[in-house]
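Dear colleague,

I am passing on the structure below, together with notes on what was found in it. Please read the notes with the coordinates open beside them.

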Amino acid sequence: RRVHGGTSGSLRDQLPSQHSAMMIAILLGLVAVCAAQEPRTCESPKQWEGRRLLIDPSKNFTEFSRFAYDEVGQRTRAVEEIQQGTERNFYDVLTLHGLNREYVVDLRTKKCNVTTPRGPFRPIGVPPGATFLFEAEVGPSQIPNEHFTTAAFGGNFTTDHVRYINLVTLPDCVPLGSNYFNDVTGFVESRYFDVKLGIADPEAFFPPPECNMS
């Protein structure tokens with residue numbers, strides 16, 4: 001299975017429709033918050049593939065993407081369907097933070113732009129130094145396989161002064177969502193679905209063929 005590819009099929013249609021309501025409920029603690037439990041931490045997977053929903057309400061911006069994440073190499077790959085206002089665009093974006101390089105291919109025109117990353121690398125899941133905030137049960141706990149435990153961790157990324165609250169499952173620490181805020185960009189939220197550990201495609205972090213390798 002290739003992480004990168006064309007624009008066939010809408011990524012939007014492949015994401016759960018109730019994601020926002022569930023995540024808002026978690027953030028507001030409107031589920032059974034286990035506040036009395038001792039603070040805990042966990043280690044999130046370093047490499048995984050899945051789907052991402054990214055929302056920037058201030059810009060009327062929504063991104064649906066197939067997403068590959070490599071914390072070890074500080075690399076990400078996103079095949080994006082972007083909706084901003086009434087415009088819809090499709091991109092293949094490879095970000096190599098270790099090389100300070102980003103490849104952006106417009107999947108309609110096949111034109112490639114090579115530039116520097118739009119921001120610093122931010123660990124997804126539980127970053128080093130994160131503070132445990134709360135733990136909660138999502139779904140009816142009396143029904144087997146219909147509920148799971150989630151935890152929220154918060155902190156600050158000092159490189160760009162971003163405050164964050166990240167959500168993960170327990171005990172496996174699989175990322176569910178990231179919520180970022182600073183005075184420049186405002187509030188940006190990401191949700192992760194269909195997460196599978198490891199990178200199935202050995203070429204996931206190779207520069208797109210449309211880009212000039214010289």
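Once neighbours within four places in sequence are set aside, Thr41 is in contact with Val126 and Phe153; please bear in mind, here and in everything that follows, that this is a predicted model. Thr41 belongs to the loop between β1 (32–33) and β2, and it counts as exposed because its relative accessibility is 61%, where over 50% is required. Its contact partner Phe153, on the other hand, is part of strand β9 (residues 148–157), and with a relative accessibility of 0% Phe153 counts as buried. The C-alpha atom of Phe153 is also 5.3 Å from that of Thr131, although 22 residues separate Phe153 and Thr131 in sequence.

Thr41 leads on to another part of the chain as well, since its C-alpha atom is 9.4 Å from that of Pro171, with the two positions 130 residues apart along the chain. Pro171 is placed in the loop between β10 and β11, and the peptide bond that joins Leu170 to Pro171 is cis, with omega at about 10 degrees. Thr169 is found in strand β10 (residues 162–170), where its relative accessibility of 15% makes it count as buried, the limit being under 20%. Apart from neighbours within four places in sequence, the residues in contact with Thr169 are Phe148, Thr149, Thr150, Val174 and Leu176.

For the overall picture, the protein has 214 residues, of which 47% count as buried, and its secondary structure comes to one helix and 12 strands. Read from the N terminus, the order of elements is α-β-β-β-β-β-β-β-β-β-β-β-β. Among the contacts with a separation of 6 or more, 48% are between residues 24 or more positions apart.

The aromatic side chains deserve a paragraph of their own. The structure holds eight aromatic pairs, and one of them is formed by Trp48 and Phe67, whose ring centres are 5.7 Å apart and whose planes meet at 55 degrees, so the pair is classed as tilted. This pair links distant parts of the chain, given that Trp48 is in strand β2 (residues 47–56) and Phe67 in strand β3 (residues 61–70), 19 residues apart. Both partners are buried, Trp48 with a relative accessible area of 0% and Phe67 with one of 3%. How far apart are the ring centres of Trp48 and Tyr69, and at what angle do their planes lie? The centres are 5.3 Å apart and the planes are at 35 degrees, so the pair of Trp48 and Tyr69 is likewise described as tilted. Because Trp48 lies in strand β2 and Tyr69 in strand β3, the pair ties together parts that are 21 residues apart in sequence. Tyr69 has a relative accessibility of 0% and therefore counts as buried. Trp48, Phe67 and Tyr69 form one aromatic cluster together with Phe121 and Tyr192. In addition, the charged end of Arg122 sits over the ring of Tyr180, at 4.8 Å from the ring centre.

Arg122 comes up again in the pocket analysis. The largest pocket encloses about 1,000 Å³ of space, and of the 35 residues that line it, those closest to its centre are Arg52, Leu54, Arg118, Gly119 and Arg122. Two or more lining residues come from each of β2, β3, β4 (75–84), β5 (87–96), β6 (101–106), β11 (175–182) and β12 (186–197). Sorted by class, the lining of the largest pocket consists of 18 nonpolar, eight polar and nine charged residues.

Two backbone angles remain to be mentioned. Gln74, in the loop between β3 and β4, has phi near 50 degrees, which is a positive value in a residue other than glycine; with a relative accessibility of 35%, Gln74 counts as partly exposed. Asp194 likewise has a positive phi near 50 degrees without being glycine, but Asp194 lies in strand β12, and at 45% relative accessibility it counts as partly exposed.

With best regards

Key. Residues are numbered from 1 along each chain as its sequence is written. This is a predicted model: local features need pLDDT of at least 70, side-chain atom pairs count only at pLDDT 80 or more; totals for chains, interfaces and linings use all residues. Side-chain values use heavy atoms; hydrogens and water are left out. Helices (H or I, at least four residues) and strands (E, at least two) are DSSP runs, numbered from the N terminus. Buried means under 20% relative accessible area, exposed over 50%, partly exposed in between (1.4 Å probe, protein chains only). Rings of Phe, Tyr and Trp (its six-membered ring) pair if their centres lie within 6.5 Å; planes under 30 degrees apart count as stacked, over 60 as edge-to-face and the rest as tilted. A charge sits over a ring if NZ of Lys or CZ of Arg is within 6 Å of the ring centre and within 35 degrees of the ring normal. Contact means heavy atoms within 4.5 Å. On a 1 Å grid over the protein atoms alone, a cavity is a set of points where a 1.4 Å probe fits but cannot get out, and a pocket is an open set with protein on both sides within 12 Å along at least five of seven lines; lining residues have an atom within 4 Å of a point. Grid points are joined across faces, edges and corners, and a volume is the space filled by probe spheres set on the points. Ala, Val, Leu, Ile, Met, Phe, Trp, Tyr, Cys and Pro count as nonpolar, Asp, Glu, Lys and Arg as charged, and the others, Gly among them, as polar.
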